[in-house]
Amino acid sequence: MRTPKDDKPIASLSVDLDNQWSYMKTHGDRGWDSFPSYLDLVVPRILGLLEDLDLTVTFFIVGQDAALRKNQDALRAIAAAGHEIANHSFHHDPWIHLYTERAVEDELTLAEEHIERVTSQRPVGYRAPGYSLSNATLGALQRRGYLYDASTLPTFIGALARAYYFVSARLSDEEKDQRKALFGSFSDGFRPIRPYRWQIEGEDGAYALIEIPVTTLPFFRIPFHFSYILYMAGFSVPLALMYFQSALTLCRMTGVQPSLLLHPLDFLGCDDLEGLDFFPAMNLTGETKALVVRKALTTLTKRFRVSTVKEHALISHQSSEYRSGLRSFGAGRTA
Ligand SMILES: [Zn+2]
C-alpha cells in the first residue's frame, strides 16, 4: 500500500567532505602539506544530525584523507552509519580539468584504492573538486565503470564567486591561471538542472554515464545549497530559511528533483576553527550554523524523500528527459 510518504518526489543530499588542508591548498596558504584535518571534530556532528533526521546520504571523500591514518576512524564511522561513499579525487586539485585522461584515471584509481581500503565501499559516483569537469574526466569515469558524475553546478554566479575568492587569496599569476575555472564559467549557467546522460567522446552512447547536477534555483540559476543559505543567515536567519523554502517550492512546481550538498564548514563556526575566516559565513558560530542546517534539512525532508545520489541516479533512468538524449561536454559551454 502506498503511504503519503511514497508520494513525495525524490531529492538527493550529499556531503563534500573537503578537509581543512584542501581549502588551504586551493587558497595558496602555507602548511597545507601537513594535511591539517578537522574530520574528527566535524564528522560526528554531521552524522549526529543525519541520524536525528533519519537520513542516508552520499559522502564524497578525498582519497588523500583516506590515505592518512589520523582520518580513518572518522571515515569508517561514515561507512558504518550506512551512507554511500563516493569519490572526490585524491589530491583535490580544482585544476584537475587540465589533466590528461590518463592522469585523471590515475587520480581516480588512487582515490578508489584508499577509499575502499578504509570504508570497504567501492565508489560508483564522482564529484570533481571545484566542479572542474572535462572530457578527459568523463572518459576516465567511463573506463573505471562509474555510474554517475555529480560535478556540474549550473549557475551564472561561479565567476563572481571566483572573483571574491581571488581578492582574499595570495596567489601568483601562474596559480591564478590554474584556478581560473574554479566555480565554473558563465556558460555553465546554461547547463541542465535535471539529470541527463553524457555522450562520451568516441562512444556510441551504449554506455551512458549519468549526470546529477547540483541543483540551482529553477529559471534563476542561483545556488541554494546550504553554504549559500548560511551566508544569507549571516544577515538574517528567517530570510535565509524563507529563501530555502521558496527554492524548494519552485522545485516542486517545476518538477525538479533537487540534489543538494553540504560542506563541513556548514557545521563549523568561528569558535571552532582558525585560518579559514576568508570563507563566507565564518562569522557565525558552529551552533548557529548547525541550527540553521537542521531547520533547512527538516523542511527538505517534509517535502521530498531524501536519498543518496546513487539512488537519485538509478531513479533518473525512468525520467523522460533523461531518456530523451545524450549531451556532449561541449554543449552549453562557449568559453
Ligand atoms: Zn571539494
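**Figure 1. D54 in the loop between α2 and β2**. This view of the predicted model is centred on D54, a residue of the loop that lies between α2 and β2. D54 is not a glycine, yet its phi is positive, at about 60°. The relative accessible area of D54 is 67%, so the residue is classed as exposed, the cut-off being over 50%.

**Figure 2. F35 in the loop between α1 and α2**. The loop shown here joins α1 to α2 (39-52) and contains F35. Phi of F35 is near 55°, again a positive value in a residue other than glycine. F35 has a relative accessible area of 17% and is therefore buried, since buried means under 20%.

**Figure 3. Helix α1 and the glycine that follows it**. Helix α1 spans residues 20-27 and is mostly covered, with eight of its eight residues buried. The buried residues are Q20, W21, S22, Y23, M24, K25, T26 and H27. After α1 comes G28, which has a positive phi near 80°.

**Figure 4. The zinc ion and its protein donors**. The donor atoms are two OD atoms of D18, NE2 of H88 and NE2 of H92, and they lie 1.9 to 2.8 Å from the zinc ion. The angles among the four donor atoms run from 51 to 129°, and the site is irregular. A tetrahedral assignment would need all angles to lie between 85 and 135 degrees, so the value of 51° is outside that range. For reference, the ideal angle for four tetrahedral donors is 109.5 degrees. Along the sequence, the donor residues follow the spacing D-x69-H-x3-H. D18 and H88 link distant parts of the chain, being 70 residues apart. D18 belongs to the loop between β1 (10-16) and α1 (20-27), whereas H88 belongs to the loop between β3 (84-87) and α5 (101-119). Both of these residues, D18 and H88, are buried.

**Figure 5. Burial of strand β1**. Seven of the seven residues of β1 are buried, so the strand is largely enclosed by the rest of the structure. Both of its faces are covered. On one side are the buried residues I10, S12, S14 and D16, and on the other are A11, L13 and V15, which are buried as well.

**Figure 6. Strand pairing of β1 with β2, β8 and β9**. Strand β9 (residues 305-307) pairs with β1 in the parallel sense over three bridges, and within β9 the bridge partner of A11 is V306. Strand β8 (residues 259-262) also runs parallel to β1, to which it is joined by four bridges; here V15 stands opposite L262. Between β1 and strand β2 (residues 58-61) there are three bridges, once more in a parallel arrangement. In β2, T58 is the bridge partner of S14.

**Figure 7. Packing of helices α9 and α10**. Two packed helices are described by the angle between their axes and the distance between the axes. In this view, helix α9 (residues 226-233) and helix α10 (residues 237-254) have axes that come within 7 Å and cross at roughly 150°. An angle over 145 degrees counts as roughly antiparallel, and α9 and α10 are therefore roughly antiparallel to each other. The crossing of α9 and α10 is right-handed.

Notes
Residues are numbered from 1 along each chain as its sequence is written. This is a predicted model: local features need pLDDT of at least 70, side-chain atom pairs count only at pLDDT 80 or more; totals for chains, interfaces and linings use all residues. Side-chain values use heavy atoms; hydrogens and water are left out. Donors are N, O and S atoms within 2.8 Å of the metal (3.2 Å for Na, K and Ca); water is not among the atoms, so sites may look incomplete. Four donors count as tetrahedral if all angles lie between 85 and 135 degrees; four count as square planar and six as octahedral if opposite donors are over 155 degrees apart and all others between 65 and 115; anything else is irregular. Helices (H or I, at least four residues) and strands (E, at least two) are DSSP runs, numbered from the N terminus. Buried means under 20% relative accessible area, exposed over 50%, partly exposed in between (1.4 Å probe, protein chains only). Two strands pair if DSSP finds at least two bridges between them. Axes are lines fitted to C-alpha atoms, for helices over the stretch in contact, and angles run from 0 to 180 degrees between N-to-C directions. Angles under 35 degrees count as roughly parallel, over 145 as roughly antiparallel, 65 to 115 as roughly perpendicular and the rest as oblique. A crossing is left-handed if the near helix is turned anticlockwise from the far one by less than a right angle, and right-handed if clockwise.
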